[in-house]
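Got your viewer ready? Here is a short tour, one selection at a time.

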Amino acid sequence: RLLDEWLASKGRTYKRPPMPTPFTRSVQSVKKNLELSFWEAIEEEEQDEQRRLKVQVDHALDGCLQLLQKVRGLSTQVWPN
């Protein structure tokens with residue numbers, strides 16, 4: 001400040017060129033992106049849960065089929081047709 005006053009008293013004034021403002025996104029676009037990423041994350045979680053459930057059902061059905069085959073094999077040995 002003192003330097004500016006001294007320069008002004010000497011007839012010299014320096015103005016700094018305007019600073020370029022960085023690109024700022026609007027609040028609405030930021031909110032929209034957050035909402036999209038939120039819903040994408042929710043959708044991904046649902047898909048993961050569906051995959052886990054499918055795997056569990058597949059394992060359960062495999063176990064049932066193996067038991068049926070084992071029982072079928074036992075029944076033919078005990079009661080031959």
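One cut-off before we start: a residue is called buried under 20% relative accessible area, exposed over 50%, and partly exposed in between. Select Asp58 and try it out: its relative accessible area is 34%, so Asp58 goes down as partly exposed. Keep in mind as you click around that this is a predicted model.

Stay with Asp58 and add Lys54 to the selection. Their side chains meet in a salt bridge, at 3.4 Å from N to O. Why is the spacing along the chain worth a look? Lys54 and Asp58 are 4 residues apart in helix 2, so about one helical turn separates them. Now colour by accessibility if you like: Lys54 has 53% relative accessibility and therefore counts as exposed, whereas Asp58, at 34%, is partly exposed.

How many salt bridges does a search of the whole structure find? The search turns up 2. For the other stop, select Asp48 and Arg51, which form a salt bridge with their closest N and O atoms 2.6 Å apart. Asp48 and Arg51 also sit in helix 2, 3 residues apart, so again the separation is about one helical turn. Both ends are partly exposed: Asp48 has a relative accessible area of 28%, and Arg51 has 48%.

Next, pick Val57. You are still in helix 2, which covers residues 27-78. Is Val57 buried or exposed, or something in between? With a relative accessibility of 40%, Val57 counts as partly exposed. Now add Leu53 and Leu61 and switch on the surface: together with Val57 they make a nonpolar patch there, with about 270 Å² of accessible area between them.

Last stop, the aromatics. A pair of aromatic rings is described by how far apart the centres are and by the angle of the planes. How many aromatic pairs does the count come to? Just 1 aromatic pair is counted. To see it, select Phe38 and Trp39: the arrangement is edge-to-face, with 5.1 Å from centre to centre and 75 degrees between the planes. The 75 degrees is what puts the pair in that class, because planes over 60 degrees apart count as edge-to-face. Check the accessibility of the two residues while you have them selected: Phe38 is partly exposed at 45%, and Trp39 is exposed at 55%.

Conventions. Residues are numbered from 1 along each chain as its sequence is written. This is a predicted model: local features need pLDDT of at least 70, side-chain atom pairs count only at pLDDT 80 or more; totals for chains, interfaces and linings use all residues. Side-chain values use heavy atoms; hydrogens and water are left out. Patches are made of residues with over 30% relative accessible area and no salt bridge: like charges are joined within 9 Å, nonpolar side chains (Val, Leu, Ile, Met, Phe, Trp, Tyr) within 5 Å. Accessible areas come from the Shrake-Rupley method with a 1.4 Å probe; for residues, only the protein chains shown count as cover. A salt bridge is a side-chain nitrogen of Lys or Arg within 4 Å of a carboxyl oxygen of Asp or Glu. Helices (H or I, at least four residues) and strands (E, at least two) are DSSP runs, numbered from the N terminus. Buried means under 20% relative accessible area, exposed over 50%, partly exposed in between (1.4 Å probe, protein chains only). Rings of Phe, Tyr and Trp (its six-membered ring) pair if their centres lie within 6.5 Å; planes under 30 degrees apart count as stacked, over 60 as edge-to-face and the rest as tilted.
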